[in-house]
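Me: I'm new to this one. Could you take a close look at the cysteines for me, and then at whatever sits around them?

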Amino acid sequence: MLGYLDHAATTPLRPQAVEAMLPWLTDRFGNPSGGHRVAQAARKAIDDARDVVADCLGCQPREVVFTGGGTEGDNLAVFGAGGASPVCGATEHHAVLHAVERVGGRTVPVHADGRLRVEDIPGDATFVSVMLVNNEVGTINELPEVDAVLHTDAVQSVTWLDVAAASARADLVSVTGHKLGGPQGTGAIVVRNGIALEPLLVGGGQEQERRSGTHNVAGIVGFAAALRACTDQRDEMVERVGKLRDRLADGLLASIPGVTESGTRDTKVAGICSLLIEDVESEALLFLLDDAGICATAASSCASGALEPSHVLAAMGVPRELARGSLRLSLGWSSTDADVDLALDVIPRAVAQLR
């Protein structure tokens with residue numbers, strides 16, 4: 001049996017996305033930039049998807065720019081609109097953090113709960129990036145009122161929050177498909193009217209010259225279908241998955257000595273259970289869990305899969321020794337009681353074995 005508890009990394013495709021994509025992976029193959037009927041059918045599919053995304057994210061269709069995912073959207077925001085003095089929180093995803101650092105920007109410390117305070121943002125900032133939901137611990141940020149261009153990485157939030165309301169004051173909003181049941185390699189950035197955005201990619205002039213390149217029609221259609229399903233089913237899923245997460249967290253806290261949660265549940269989304277386990281190395285624990293059929297991760301990993309210290313936990317003031325035993329269990333639309341049951345059986349035994 002497989003217990004998939006890594007939805008914060010990527011989610012299985014929703015059936016709505018698969019159904020929407022199939023025709024565009026087979027007999028419908030037009031380039032939306034063309035003028036003939038096959039091309040125009042693809043163009044209509046893109047336009048229809050744009051309408052869906054705009055409705056779900058609370059913006060105008062012309063404000064939606066399709067991208068290749070959250071990293072591209074974050075990079076496009078920073079490099080395209082960051083100005084002379086960009087600022088971001090110390091717990092941002094590396095797609096924002098490294099981009100801000102590359103252009104000589106600054107990071108703002110967060111408090112022990114992982115959240116940024118508006119009073120800590122420098123008054124001379126030209127661009128401020130604050131993620132709605134932290135990808136490691138699930139902390140929810142309220143977007144600040146600032147006299148600067150405001151960007152939010154909303155990649156982890158769409159499944160759990162009403163992003164249209166939560167990001168209403170943001171000038172730029174990055175989202176991706178594969179965190180909510182859509183295909184990998186898809187996403188969008190909302191660019192509010194009046195925000196100048198220097199493109200990263202030039203050439204064909206697609207997306208109103210804000211993101212050149214032939215459209216991934218199947219991916220965009222699947223992304224929109226998944227986003228629609230996610231938005232329509234959000235309330236039910238938050239309640240259902242929240243109960244699963246609480247049962248998982250409470251069970252592990254009760255059965256494993258020396259375990260604490262990162263942050264507090266009333267400040268986090270329903271799908272993330274972030275734990276700190278004393279006297280255990282995450283890498284060794286994850287090896288045992290994978291061998292037993294549990295797919296999970298530590299708080300952070302690099303592209304090679306080798307563990308590295310979590311910049312998020314460090315910014316929250318978690319001691320390095322304790323952060324070495326971090327474990328992130330994340331649930332999503334396809335999570336079941338069986339996933340939780342397996343985790344509650346396997347994880348305590350694995351920790352005991354390592355100790």
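**Cysteines, a helix and a surface patch**

Reply: Let's begin with a contrast to the cysteines: Leu25 is exposed, at a relative accessible area of 55% (exposed is over 50%, buried is under 20%, and partly exposed is in between, using a 1.4 Å probe and protein chains only). Leu25 sits in helix α1, residues 15-25 (helices are DSSP runs of H or I, at least four residues, numbered from the N terminus). Together with Leu13, Val18 and Leu22, Leu25 makes a nonpolar surface patch of about 340 Å² (patch residues have over 30% relative accessible area and no salt bridge, and nonpolar side chains are joined within 5 Å; a salt bridge puts a Lys or Arg side-chain nitrogen within 4 Å of an Asp or Glu carboxyl oxygen).

This is a predicted model, where local features need pLDDT of at least 70, side-chain atom pairs count only at pLDDT 80 or more, and totals for chains, interfaces and linings use all residues. Residues are numbered from 1 along each chain as its sequence is written, and side-chain values use heavy atoms, leaving out hydrogens and water.

Now the cysteines. Searching the whole structure turns up zero disulfides (a disulfide needs two cysteine sulfur atoms within 2.5 Å). Cys56 is buried, at 5% relative accessible area, and its sulfur is 8.2 Å from the closest cysteine sulfur, in Cys230, which is too far for a bond. Cys59 is in no disulfide either, as the nearest cysteine sulfur, that of Cys56, is 9.7 Å away. Cys59 is buried too, at 11%.

Last stop, helix α7: it covers residues 217-232, and 13 of its 16 residues are buried.

Key:
Helix = DSSP H or I, 4+ residues; strand = E, 2+ residues; numbered from the N terminus. Expected span 1.5 Å × (residues − 1). Patch = residues over 30% accessible without salt bridge, like charges linked within 9 Å, V, L, I, M, F, W, Y side chains within 5 Å. Areas by Shrake-Rupley, 256 points an atom, 1.4 Å probe, with all protein chains shown as cover.
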